[in-house]
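Here are some exercises to work through with the model open in your viewer. Try each task first, then compare your reasoning with the worked solution.

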Amino acid sequence: MQTLSHFVVLSLGSNCGDRENNVAGAMDWLRLHVLSDCECSEIYETLPVGHSGSNYINAVVAGFYSGCLEDLERLCKEYERSNGRDEESRKLNMVPVDIDVVIADGDVLRERDFKCSFFQKGYHELAVPSRSHKIL
């Protein structure tokens, strides 16, 4: 059976704790254990969107994932939980680390994130093959 490989673009963010190291750790995890042919933006700071609170440290990562997208989503949420993203932190708008699949195979899966500056800033640093996307 052939494994399907998906080209994905992920948004990473953190607004509490050691924000820069939280994002850098997630980037390393993705690059070393999850994605192949990975490209990462610089790490940068943005204002919060949709709530007040601390500024975010963000990055965007693109690469290929061999497997189904549901498994990638599950792996990312498990990584978040193992790094402190739980119900209590969510209630307090504290985000130790957030990893979201924004684009897969040219389709925009998270339109709100795609349009936000926290994604667009890092996304435009990457050499993504096509800038025309279908929003689902």
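## Exercise 1: A cysteine in a loop

Cys68 is found in the loop between E4 and H2. The model you are looking at is a predicted one.

**Task.** Decide which class of exposure Cys68 falls into, given its relative accessibility.

**Solution.**
- Step 1: Recall the cut-offs, with buried under 20% and exposed over 50%.
- Step 2: Cys68 has a relative accessibility of 32%, so it counts as partly exposed.
- Step 3: For a view of its surroundings, look at Ser5, which is 63 residues apart from Cys68 along the chain, while their C-alpha atoms are separated by 8.1 Å.

## Exercise 2: The two sides of H2

**Task.** Compare the reach of helix H2 with its expected span, then find which of its residues are buried and which exposed residues sit on the face turned away from them.

**Solution.**
- Step 1: H2 runs over residues 69–82, 14 residues in total. From first C-alpha to last it reaches 20 Å, close to the 20 Å expected at 1.5 Å a residue.
- Step 2: Leu72, Cys76, Lys77, Tyr79 and Glu80 are the buried residues of H2. They cover an arc of only 155° around the axis, and therefore lie on the same side of H2.
- Step 3: A helix rule helps here: an α-helix has 3.6 residues a turn, so residues three or four places apart point the same way.
- Step 4: Glu70, Arg81 and Ser82 are the exposed residues on the face of H2 turned away from its buried side.
- Step 5: The cover over the buried residues of H2 includes strands E1 (5–14), E4 (56–66) and E5 (98–104), together with helices H1 (19–34) and H3 (87–91).

## Exercise 3: The same analysis for H1

**Task.** Check the length of H1 against its expected span, and say what its buried residues pack against.

**Solution.**
- Step 1: H1 has 16 residues, which should span 22 Å at 1.5 Å a residue; the end C-alpha atoms are 21 Å apart, so the two values agree.
- Step 2: Val23, Ala26, Met27, Trp29, Leu30 and Val34 are buried in H1. Their arc around the axis is only 160°, which puts them on the same side of H1.
- Step 3: Leu32 and His33 are exposed on the other side of H1.
- Step 4: The buried residues of H1 pack against E1, strand E2 (36–40), E4, H2 and E5.

## Exercise 4: Positive phi angles

**Task.** Look up where Asn93 and Asp105 lie, and how accessible each one is.

**Solution.**
- Step 1: Most residues other than glycine have a negative phi, and most peptide bonds are trans.
- Step 2: Asn93, not a glycine, has a positive phi of about 55°. Its place is in the loop between H3 and E5, and at 38% relative accessibility Asn93 counts as partly exposed.
- Step 3: Asp105 is not a glycine either, and has a positive phi of about 55°. Asp105 lies in the loop between E5 and strand E6 (107–108) and, at 40% relative accessibility, counts as partly exposed.
- Step 4: For a glycine, turn to Gly84, just after H2, with a positive phi of about 100°.

## Exercise 5: The largest pocket

**Task.** Describe the lining of the largest pocket: which element gives the most residues to it, and how do its residues divide by type?

**Solution.**
- Step 1: The largest pocket holds about 380 Å³ of space. Among its 22 lining residues, Tyr56, Val95, Asp98, Arg112 and Phe118 are the closest to its centre.
- Step 2: Two or more lining residues come from each of E1, E4, H3, E5 and helix H4 (111–115). E1 gives the most, with three residues.
- Step 3: By type, the lining divides into eight nonpolar, seven polar and seven charged residues.

How values were computed: Residues numbered from 1 in each chain as written. Predicted model: local features only at pLDDT ≥ 70, side-chain atom pairs only at ≥ 80, totals over all residues. Heavy atoms only, no water. Helix = DSSP H or I, 4+ residues; strand = E, 2+ residues; numbered from the N terminus. Expected span 1.5 Å × (residues − 1). Buried < 20%, exposed > 50% of the residue type's maximum accessible area, 1.4 Å probe, protein only. Arc of directions from axis to C-beta. Contact = heavy atoms within 4.5 Å. 1 Å grid on protein atoms, 1.4 Å probe; cavity = no way out; pocket = protein on both sides within 12 Å on 5 of 7 lines; lining within 4 Å. Points joined across faces, edges and corners; volume = space filled by probe spheres on them. Nonpolar A, V, L, I, M, F, W, Y, C, P; charged D, E, K, R; others polar.
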